[in-house]
Amino acid sequence: LCAMSEISTQTETGMSTQTEEEIPEVKVEKIQSSDESDKEPDFLWTNLEEAHKKVWKNFEEARKQRSFVFNLDLSYQQLKRIPKEIGCLNKVVSCNLSGNDLADGCFPEEFFEMSFLEELDLSYNHLEHLPPCLCMFIDLKKLNITGNKFENPSYQASLVTKLFPDCEVLY
């Protein structure tokens with residue numbers, strides 16, 4: 001969602017400006033498909049605000065609706081690795097991976113394609129080190145690494161706050 005309060009559009013007569021209130025709601029309609037794998041769940045997004053509130057707990061359903069997935073909760077699903085396909089969910093701003101069996105090396109490169117990530121919960125896993133390339137999450141505002149196997153959790157937290165001074169790190 002755009003953080004801009006005004007959106008400019010080019011017209012034949014020049015530039016015109018619309019406020020957010022004047023922008024029509026975004027509607028998504030189902031597309032009929034003969035292929036069962038392309039079937040969408042039985043809901044429609046009537047606006048982006050509604051989509052931003054939805055928390056996705058089923059990874060396969062989230063993949064099918066990837067353009068509308070902003071909050072992903074894969075907590076307590078006994079995950080030992082992060083699926084490579086997570087990279088297609090590149091609009092996610094909040095990702096909860098707490099309470100799984102994640103250890104060092106479980107993060108594929110595609111994980112770091114979630115470039116809008118602001119909140120990441122990695123608590124209660126089996127991590128001994130921070131995930132590589134954490135610096136790719138330039139918008140990171142909150143990181144939870146509580147309950148992992150870090151030798152020195154406060155040192156790990158200080159590494160994050162050096163990289164992201166405004167990031168709240170729970171350890």
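Student: When does a charge count as sitting over a ring?

Tutor: NZ of Lys or CZ of Arg must lie within 6 Å of the ring centre and within 35 degrees of the ring normal. This is a predicted model, in which local features need pLDDT of at least 70 and side-chain atom pairs pLDDT 80 or more, while totals for chains, interfaces and linings use all residues. Residues are numbered from 1 along each chain as its sequence is written, and side-chain values use heavy atoms, with hydrogens and water left out.

Student: What makes K54 and the ring of W56 a case of this?

Tutor: The charged end of K54 is 4.8 Å from the centre of the W56 ring. That value is within the 6 Å limit. The charged end sits over the ring.

Student: What counts as a helix or strand, and how many does the protein have?

Tutor: They are DSSP runs, numbered from the N terminus: H or I over at least four residues for a helix, E over at least two for a strand. By that rule the protein has 3 helices and 8 strands. Along the sequence the pattern is β-β-α-β-α-β-β-β-β-α-β.

Student: How do you know which strands form the sheet?

Tutor: Two strands pair if DSSP finds at least two bridges between them. The order is β3-β4-β5-β6-β7-β8, an open sheet with parallel pairing. β3 (55-56) and β8 (168-170) are called edge strands, as each pairs on one side only.

Student: What makes β7 and β8 a pair?

Tutor: β7 (residues 142-144) and β8 share 3 bridges, in the parallel sense. At least two are required, so they pair. In one of the bridges, L143 has V169 of β8 as its partner.

Student: Why is Y76 called exposed?

Tutor: Exposed means over 50% relative accessible area, buried under 20%, partly exposed in between (1.4 Å probe, protein chains only). Y76 has 58%, so it is exposed. Y76 lies in the loop between β4 (71-73) and β5 (94-96). Its phi is positive, about 50°, although Y76 is not a glycine.

Student: What is the phi of Q78?

Tutor: Near 55°, again positive in a residue other than glycine. Q78 is also placed in the loop between β4 and β5. Q78 counts as exposed, because its relative accessibility is 64%.

Student: Why does S154 count as partly exposed?

Tutor: S154 has 36% relative accessibility, so it falls in the middle class. S154 belongs to helix α3 (residues 153-163). Its C-alpha atom is 6.9 Å from that of Y171, 17 residues apart along the chain.

Student: How do you know that the side chains of D73 and K57 make a polar contact?

Tutor: A polar contact is a pair of N or O atoms within 3.5 Å; within protein, one must be able to donate a hydrogen and the other to accept it, and residues adjacent in sequence count only if both atoms are side-chain atoms. D73 and K57 come to 3.3 Å. D73 and S75 join through side chains at 2.6 Å. Both distances fit the limit. D73 is in strand β4 and is buried, at 11%.

Student: What does D73 touch beyond its neighbours within four places in sequence?

Tutor: Contact means heavy atoms within 4.5 Å. By that rule D73 is in contact with V55, W56, K57 and N96.

Student: Is S123 buried or exposed?

Tutor: Buried, because 4% is under the cut-off. S123 lies in the loop between β6 and β7. Its side chain makes a polar contact of 2.6 Å with that of D121. Beyond four places in sequence, the contacts of S123 include S98, G99 and N144.

Student: How many aromatic pairs does the whole structure hold?

Tutor: The search finds 4. Rings of Phe, Tyr and Trp (its six-membered ring) pair if their centres lie within 6.5 Å; planes under 30 degrees apart are stacked, over 60 edge-to-face, the rest tilted. F107 and F111 have centres 5.1 Å apart and planes at 55°, a tilted pair. Both residues are buried.

Student: Why is the pair of F112 and F137 called tilted?

Tutor: The planes are at 35°, so the pair is neither stacked nor edge-to-face. The centres are 5.5 Å apart. F112 lies in the loop between β5 and β6 (119-121) and F137 in the loop between β6 and β7, so the pair ties together parts 25 residues apart in sequence. F112 is buried at 9%, and F137 is buried at 0%. Ring pairs link F107, F111, F112 and F137 into a cluster.
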